[in-house]
Amino acid sequence: MTGRVEATLAELGLTLPDVVPPLASYQPAVRSGVYVYTAGQLPMVDGKLPVTGKVGGEVTPEEAKKLARICALNALAAVKSVTGDLDRIARVVKVVGFVASASDFTGQPAVLNGASELLGEVLGDKGVHARSAVGVAVLPLDAPVEVEIQVELVQD
């Protein structure tokens with residue numbers, strides 16, 4: 001049976017992907033009490049990065065914003081992998097996003113809006129969160145964007 005959150009994803013024309021396998025020695029998500037912390041999620045689609053490079057260089061801010069949406073979707077998949085049900089999310093507490101940026105690019109917050117907007121569309125008020133948007137020189141696999149989230153779960 002599909003829960004409300006996954007039904008909302010379907011209404012948006014989205015499907016929850018398989019959890020992206022770790023690239024190194026870590027878990028995609030870990031639960032601690034009522035919180036789930038995800039590892040940084042790259043914008044992997046079917047096991048590949050659709051685009052690589054620096055935002056403001058090889059990658060446009062508009063492309064990067066779409067990639068941030070994919071990162072958030074992958075983060076929700078990671079949350080589900082440890083909770084079994086996205087309807088257990090009480091709220092998204094924090095989003096941290098990293099943008100591999102050309103040296104003169106300063107639009108990191110607008111790029112990360114892709115992730116924030118997806119979480120709001122899917123979770124409504126439960127998707128409203130605190131956030132950091134950080135420009136970095138390079139990300140794993142030359143990904144343009146990486147996003148991690150922390151969620152609070154409904155208490156059992």
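**View A. Strand 2 and its partners.** In this predicted model, strand 2 pairs with strand 5 (residues 145-153) in the antiparallel sense over three bridges; pairing takes at least two DSSP bridges between two strands. One residue of strand 2, V36, sits opposite V151 in strand 5. Strand 1 (residues 29-32) also runs antiparallel to strand 2, joined by four bridges, and S32 faces Y35 across that pairing. The two make a hairpin with two residues in between, where G33 in the turn shows a positive phi of about 65°. Strands here are DSSP runs (E, at least two residues) and helices are H or I runs of at least four, numbered from the N terminus.

**View B. Two faces of strand 2.** V36 and T38 point to one face and are buried, while Y35 and Y37 point to the other and aren't. Buried means under 20% relative accessible area (1.4 Å probe, protein chains only).

**View C. Around H129.** H129 sits in the loop between helix 3 (108-123) and strand 4 (130-136), and is buried at 18% relative accessible area. Its side chain makes a 2.8 Å polar contact with that of S116, and one of its side-chain polar atoms lies 2.6 Å from the backbone oxygen of G127. A polar contact is an N or O pair within 3.5 Å, one able to donate a hydrogen and the other to accept it; residues adjacent in sequence count only if both atoms are side-chain atoms.

**Notes.** The model is predicted, so local features need pLDDT of at least 70 and side-chain atom pairs 80 or more, while totals for chains, interfaces and linings use all residues. Residues are numbered from 1 along each chain as its sequence is written, and side-chain values use heavy atoms, leaving out hydrogens and water.

Note on methods:
Buried < 20%, exposed > 50% of the residue type's maximum accessible area, 1.4 Å probe, protein only.
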